[in-house]
Amino acid sequence: MNTAIRPDRKALEDSPEYFWERFSQYAQTWPVSPEPLGSPMLEVLTPMGPLFAFDRGLVPCSKSEIQLILHGQVEHWEPTQHTQALTHLGAGRYQMTGQVEAVLDEVFFVLQVQGDDNGPLQVLLSAPTPPAVGSRVTVRLRPPLMAFRLDGSR
């Protein structure tokens, strides 16, 4: 049997619209720099440096600042005292260190990555076994990091 197709595995999202509706309270407003027309990538300008995220919007983004939910799938997490907030590992991969602010269900949790005076970056993450609320962890994400936005955020 193909292990990539598992009937017992629950989908992380039903649609981009439903994902936005379900998790919009974790959206943050960030300056963005859309990539050239036709590219599905957004450059999100955070206090820790730029993040390149796959744009889950249905129409190209043309605004310079929009509300986004940044979502990643965790490849690995571990408790840490590490202080490097954000590291780009190349090929769409990121490592982030922060505090678990909320565990939303058996899969989703919110990681708060501390930036400078502009405030923290909140990232909605999914993992088969989320860490406990209040834990300080380092997560390594699978590519791609995704950016969800309202359809009207062009």
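## Close-up views of the predicted model

**View A. Arg-22 is partly exposed, with a relative accessible area of 33%.** The model shown here and in the other views is predicted. The side chain of Arg-22 meets that of Asp-105 in a salt bridge, at 2.5 Å from N to O. Distant parts of the chain are linked by this pair: Arg-22 belongs to helix α1, Asp-105 to the loop between β6 and β7, and their positions lie 83 residues apart in sequence. Searching the whole structure yields 4 salt bridges.

**View B. Glu-75, Arg-93 and Arg-140 are linked in a network of salt bridges.** Between Arg-93 and Glu-75, the closest N and O atoms are 2.6 Å apart. Because Arg-93 is part of strand β6 and Glu-75 part of strand β4, this pair ties together parts 18 residues apart in sequence. The side chains of Arg-140 and Glu-75 meet at 3.0 Å, N to O. Arg-140 is in strand β9 and Glu-75 in strand β4, so their salt bridge joins parts that are 65 residues apart in sequence. Each member of the network is partly exposed: the relative accessible area is 33% for Glu-75, 24% for Arg-93 and 30% for Arg-140.

**View C. Phe-19, Phe-23, Phe-108 and Phe-148 form one aromatic cluster.** Across the whole structure, 4 aromatic pairs are found. One of them joins Phe-19 and Phe-108 in an edge-to-face arrangement, with 6.1 Å from centre to centre and 70° between the planes. Since Phe-19 lies in helix α1 (residues 16-23) and Phe-108 in strand β7, the pair ties together parts that are 89 residues apart in sequence. Both rings belong to buried residues, the relative accessibility being 2% for Phe-19 and 3% for Phe-108.

**View D. The largest nonpolar core comprises 28 residues, and Val-44, Leu-51, Met-96, Leu-111 and Val-139 have the most contacts inside it.** At least two residues of this core come from each of β1 (28-34), β2 (41-46), β3 (49-55), β4 (65-79), β6 (93-103), β7 (108-113), β8 (121-126) and β9 (136-148). Strand β9 gives the most, with 5 residues. In soluble globular proteins, nonpolar side chains tend to be buried together.

**View E. Leu-111 touches Met-96, Gly-98, Gln-99, Val-100, Leu-121, Gln-122, Val-123, Leu-125, Val-137 and Val-139, residues up to four places away in sequence not being counted.** A second core, separate from the largest one, has 12 residues, among them Tyr-26, Ile-69, Ala-102 and Phe-108. Phe-108 of this second core is also a member of the aromatic cluster with Phe-19, Phe-23 and Phe-148.

**View F. The peptide bond from Pro-143 to Pro-144 is cis, with omega near -5°.** Pro-144 is located in strand β9. Most residues other than glycine have a negative phi, and most peptide bonds are trans.

**View G. Ala-91 has a positive phi of about 55°, although this residue is not a glycine.** Ala-91 is placed in the loop between β5 (86-90) and β6. With a relative accessible area of 73%, Ala-91 is exposed.

Key
Residues numbered from 1 in each chain as written. Predicted model: local features only at pLDDT ≥ 70, side-chain atom pairs only at ≥ 80, totals over all residues. Heavy atoms only, no water. Core = buried A, V, L, I, M, F, W, Y, C linked by side-chain atoms within 4.5 Å. Buried < 20%, exposed > 50% of the residue type's maximum accessible area, 1.4 Å probe, protein only. Helix = DSSP H or I, 4+ residues; strand = E, 2+ residues; numbered from the N terminus. Contact = heavy atoms within 4.5 Å. Phe/Tyr/Trp six-rings, centres within 6.5 Å; stacked < 30°, edge-to-face > 60°.
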